[in-house]
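Here are a few short exercises to work through with the model open beside you. Try each task before reading its solution.

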Amino acid sequence: MNAAGVASQTTFNNALIGLCFIEWLEHSLCPTLKPVHVVVMDNLKVHNVVGVNEAIEPMLLYLPPYS
């Protein structure tokens, strides 16, 4: 959530897989991000697939395990 509200959201009918997550990042979230934004994610497996870091780096910050 940013100062103006939610940047991007969606729902999925099935379990989330890495490819769906990356597609959402590239087409929904990333276009709304500005250089001052930070994306914070937990360590869910789909958050760690190849392509996530490249899509939103350097704005990405992972929470530490057990947070």
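The exercises below go from the overall fold to the core.

This is a predicted model, in which local features need pLDDT of at least 70, side-chain atom pairs count only at pLDDT 80 or more, and totals for chains, interfaces and linings use all residues. Residues are numbered from 1 along each chain as its sequence is written, and side-chain values use heavy atoms, with hydrogens and water left out.

**Exercise 1.** Work out the pattern that the secondary structure follows along the sequence.

*Solution.* Start by counting elements: the chain has two helices and two strands. Helices (H or I, at least four residues) and strands (E, at least two) are DSSP runs, numbered from the N terminus. Then read along the sequence, which gives α-β-α-β.

**Exercise 2.** Compare the radius of gyration of the chain with that of a compact globule.

*Solution.* Take the radius over C-alpha atoms, and for the globule use 2.2 Å times the number of residues to the power 0.38. For 67 residues the rule gives a value near 11 Å, and the chain, at 12 Å, agrees with it.

**Exercise 3.** Find the elements that build the largest nonpolar core.

*Solution.* A nonpolar core is a set of buried (under 20% relative accessible area, 1.4 Å probe, protein chains only) Ala, Val, Leu, Ile, Met, Phe, Trp, Tyr and Cys residues joined through side-chain atoms within 4.5 Å. The largest one has 13 residues, and Phe21, Leu25, Val39, Met41, Val52 and Ile56 touch the most other members. Next, map the core onto the fold: α1 (18-29), β1 (39-41) and α2 (52-56) each supply at least two residues. The biggest share, five residues, comes from α1.

Notes:
Buried means under 20% relative accessible area, exposed over 50%, partly exposed in between (1.4 Å probe, protein chains only).
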